[in-house]
Amino acid sequence: MDDLPDELVWNILSRIKKTNDRNSVSLACKRLNELDNEQRQSIRVGCRLDPANEALTSLCSRFLNLARVEITYSGWMSKLGKQLDDQGLLILSSCCPSLSDLTLSYCTFITDLGLRFLASCSKLSALKLNFTPRITGCGILSLVVGCRNLTILHLVRCLNITSVEWLEYLGKLERLEDLSIKNCRAIGEDDLIKLGPGWQKLKRLQFEVDANYRYMKVSDNLAVVRWQKLGYPCENLLELSMVNCIISPGRGLACVLGKCKNLEKIHLDMCVGVRDCDIIGLAQRSSNLRFISLRVPSDFSLPLLLNNPLRLTDESLKAVAQSCSMLESVRISFSDGEFPSFSSFTLNGMLTLIQMCPVRELALDHVYSFNDVGMEALSSAQYLETLELVRCQEISDEGLQLVGQFPRLSVLRLKKCLGISDDGLKPLVGSYKLELLVVEDCPYISERGVQGAAKSISFRQDLAWMY
């Protein structure tokens, strides 16, 4: 080993991905230890970092080229020792000059002061905060002012961030490419308008509202006017995800849907107020769409906010089928299986989408309109490689037996389906047509019944969901 050049040893070390394996190799000899210390660029620490500040100082002194650091205290209890605090972030900012990507999860002792220390990290380009309850908008603002190269910002359950001046500052910098805001109760859809010119650079936006607080923030007239005058194109936006949002004409993220020329992925989960015209406009504008995921609220969960029809119909699916010729992945789900939305997508609408687009992955959840007739139609789906059926109770063994006729299907996932049994899988046993078969919580399929039905099999049986 001593005769090998450093470049070759570095190449060997770079191929070892698991942290435990890297740690073991570094203990083999002094040279490997020194080269590993020099090459190591990422660490992940948490509850076992005790005493936290002293241990972090030791790690930073050992690994001089750290670029990615993740600190997580999930499952932390006081008996595990004191958490990392603001002083720890001062150590991190002082001892890690190459720090570019930082993730802090469940760090309940960190305050705005700690973020001010991080403002000196000039190379920091990605910051992800998950449940840091003491952080406020002032702390975020102080960080973004110092870290002008920030391109990725994720905020998850940061409940104390009430001001959004930092968002306006980021918009003026026009560097932000990836913004994720999830369950930050004080941040509403109308606050996103403050991103201003930053919309032109944004490539990925995830916005999720706590379902219990989605009606709390009432939009003011000024915000509505600013949304309607949004003159910045969103041509760089490639991925848009909205969960529990209220889509109203002329305000909020409804104004963004029709401006995404190059959008490739769209995920709408329990978004109240989405209309056919919204999806039709999106489809006509975003011909590069490759992934669409729609989780539709049931009729019983729709509030009486508007007189306009709030349900999506087959017209949306037909528009996507006609305009999005590159669509490869489709996921459709209804929120309530006991009261399905019969007025939404029909079998014909879904089949039109599948037959007109090169769909390789199809996932259906709580879709009661999809039955054995639909399974028969899928036998002519030339591109379909992955099929996932969750709580699709109208599919029987007769429909499942048709899977053997699907020309390119290699992955099949069945979850919580009541109408299928071991008999439906019999044509697949011994054929090894499927690369992977996953069966979870289907009461009438046994572990014995799946044996030999695919090259690789995953089986789990937990029927608690039925009671």
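**Figure 1. Arg391, a partly exposed residue with a positive phi**. With a relative accessibility of 24%, Arg391 counts as partly exposed (buried means under 20% relative accessible area, exposed over 50%, and partly exposed in between, using a 1.4 Å probe and protein chains only). This is a predicted model, in which local features need pLDDT of at least 70 and side-chain atom pairs count only at pLDDT 80 or more, while totals for chains, interfaces and linings use all residues. Residues are numbered from 1 along each chain as its sequence is written, and side-chain values use heavy atoms, with hydrogens and water left out. Look for Arg391 in the loop between strand 13 (386-390) and helix 15 (397-400); helices (H or I, at least four residues) and strands (E, at least two) are DSSP runs, numbered from the N terminus. The phi of Arg391 is near 55°, a positive value in a residue other than glycine.

**Figure 2. Lys416, in the loop between strand 14 and helix 16**. Here the flanking elements are strand 14 (411-415) and helix 16 (422-425). Lys416 has a phi near 55°, which is positive although the residue is not glycine. Its relative accessibility of 23% makes Lys416 partly exposed. As a reminder, most residues other than glycine have a negative phi, and most peptide bonds are trans.

**Figure 3. A cis peptide bond from Asp50 to Pro51, and Asn53 in helix 4**. Omega of the cis bond is near -5°. Pro51 sits in the loop between strand 1 (42-45) and helix 4. Asn53 belongs to helix 4 (residues 52-62) and is buried, with a relative accessible area of 17%. Which residues does Asn53 touch, not counting residues up to four places away in sequence? They are Leu84, Asp85, Gln87, Gly88 and Ile91, where contact means heavy atoms within 4.5 Å.

**Figure 4. Strand 11 between its parallel partners**. Five of the six residues of strand 11 (residues 329-334) are buried, so the rest of the structure largely encloses this strand. Strand 10 (residues 291-296) pairs with strand 11 in the parallel sense over six bridges; two strands pair if DSSP finds at least two bridges between them. In this pairing, Leu294 stands opposite Ile332. Strand 12 (residues 361-365) also runs parallel to strand 11, joined to it by five bridges, and Asp365 in strand 12 is the bridge partner of Ser333.

**Figure 5. The buried side of helix 7**. In helix 7 (residues 137-146), the buried residues are Gly137, Gly139, Ile140, Leu143 and Val144. They cover an arc of only 160° around the axis, so they lie on the same side of helix 7; the arc is that of the directions from the helix axis to the C-beta atoms. Their cover includes helix 6 (112-118), strand 4 (126-130), strand 5 (152-156) and helix 8 (165-173).

**Figure 6. The buried residues of helix 3 and their cover**. Arg31, Leu32, Leu35, Asp36, Asn37 and Gln39 are the buried residues of helix 3 (residues 30-39). Among the elements covering them are helix 1 (6-14), helix 2 (19-26) and helix 4.
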